[in-house]
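Subject: Structure for you to look over

Hello,

Here is the structure I said I would pass on. Please open it alongside this message; my notes follow below.

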Amino acid sequence: MGEAYWLFVVMVVFTVASPGPGVLMTLDNAVAGGWRAAMQGVLGLALGAALMAGLSSAGIGLLVRSSPSLFQLLKYAGVAYLFHLSFKTWRRDPKTPAPMDRRETAPAAGAARKRLLDGALLQTSNPKSLFFFLSVLPQVARGAGGQPLWQVLAVATYCIALVLIHGLYAGLAARAGVWLSRPGSARLLSRLSALMFFTFGVTMLTLKM
């Protein structure tokens, strides 16, 4: 199990750290709202990953892989959500953040829940994450002699790595937020982020089983 687990850890680090819609959402949230706001979306990504891993372990991933119709449905749902993020990000009006007061507590809580939901939806609408767990978890389980506890450990490892790596990205982006939050820079970043979300959506359209 030791060798299989550490190979899994290396694979997870490269997968989580590689550029993709999740990383882009983390960077975008960090610039727009700071590190704490970005981490709310990151927690959503982690929850979505745990859900996809659970579905894969329950056999749903195999069902999707064996059913072209289900695969296409999931793929187009993911594409539609990426296009929605692209449209929303393009239309965002950059504003200089104002100091918070007590009256902003409720709206801030609502924004936190929305970022959490956005992260979970982004993760669960991407069939690539389902296939990642479908391909990797059986290998981890085989290396552990089929013990379910090791699959739980593998999923926990993935979620922890995601939170740590995306937290690092968010911290770096938040430190650059002073310059990036200026209206001109923020507008340019929003346009670039929107184009990237759109590009990821177009790329997902070419995804095959």
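**Overall picture**

Of the contacts in the protein between residues at least 6 apart in sequence, 88% join residues at least 24 apart. Please keep in mind that this is a predicted model. The secondary structure comes to 10 helices and 0 strands. From the N terminus on, the order is α-α-α-α-α-α-α-α-α-α. The protein has 209 residues, and buried residues make up 43% of them.

**Nonpolar cores**

In soluble globular proteins, nonpolar side chains tend to be buried together. Here the largest nonpolar core has 33 residues. Those with the most contacts inside this core are V12, L122, F133, Y158 and L162. The elements that give two or more residues to the core are α1 (2-17), α2 (21-33), α3 (35-57), α5, α7 (127-143), α8 (148-175) and α10. Another core, of 5 residues, lies apart from it. Among its residues are A30, V31, A38 and A173.

Two residues of the largest core are worth a look in the viewer. Start with V12. Leaving aside residues up to four places away in sequence, V12 touches F132, Y158 and A161.

Then go to L122. This residue lies in helix α6. L122 counts as buried, at 5% relative accessibility. Again leaving aside residues up to four places away in sequence, L122 touches P21, G22, M25, L45, Y81, L82 and L85. Take M25 from that list. L122 and M25 are 97 residues apart along the chain, yet their C-alpha atoms are separated by 9.0 Å.

**Helix α5**

Helix α5 covers residues 68-91. It has 24 residues. From its first C-alpha to its last, α5 reaches 35 Å, close to the 34 Å expected at 1.5 Å a residue. Its buried residues are F71, L74, K75, G78, V79, Y81, L82, L85, S86 and T89. Y81, L82 and L85 in this set also appear among the residues that L122 touches. An α-helix has 3.6 residues a turn, so residues three or four places apart point the same way.

**Salt bridges**

Side chains of opposite charge can pair when their charged atoms come close. How many salt bridges does the structure hold? The count is 2 salt bridges.

- K88 with D118: the closest N and O atoms are 3.3 Å apart. This pair links distant parts of the chain, with K88 in helix α5 and D118 in helix α6 (residues 105-124), 30 residues apart.
- K114 with D118: the closest N and O atoms are 3.0 Å apart. K114 and D118 are 4 residues apart in helix α6, so about one helical turn separates them.

Together, K88, K114 and D118 are linked in a network of salt bridges. Is D118 buried or exposed? D118 is buried, with a relative accessible area of 12%, which is under the 20% cut-off. K88 counts as partly exposed, at 31% relative accessibility. K114 also counts as partly exposed, at 43%.

**Aromatic rings**

The count of aromatic pairs comes to 1. The pair is F83 with F198, and their ring centres are 4.9 Å apart. Why is the pair stacked? The planes lie at 25°, and planes under 30 degrees apart count as stacked, so this pair qualifies. F83 lies in helix α5 and F198 in helix α10 (residues 183-205), so the pair ties together parts that are 115 residues apart in sequence. F83 is partly exposed, with a relative accessible area of 27%. F198 counts as partly exposed too, at 42% relative accessibility.

One more ring to check is that of W90. The charged end of R191 sits over this ring, 4.7 Å from its centre.

**One more residue**

S56 is found in helix α3. S56 is buried, with a relative accessible area of 8%. Its partner to look at is S135. S56 and S135 are 79 residues apart along the chain, and their C-alpha atoms are separated by 9.2 Å.

Best wishes

Notes:
Residues numbered from 1 in each chain as written. Predicted model: local features only at pLDDT ≥ 70, side-chain atom pairs only at ≥ 80, totals over all residues. Heavy atoms only, no water. Phe/Tyr/Trp six-rings, centres within 6.5 Å; stacked < 30°, edge-to-face > 60°. Buried < 20%, exposed > 50% of the residue type's maximum accessible area, 1.4 Å probe, protein only. Lys NZ or Arg CZ within 6 Å of the ring centre and 35° of its normal. Salt bridge = Lys/Arg side-chain N within 4 Å of Asp/Glu carboxyl O. Expected span 1.5 Å × (residues − 1). Core = buried A, V, L, I, M, F, W, Y, C linked by side-chain atoms within 4.5 Å. Contact = heavy atoms within 4.5 Å.
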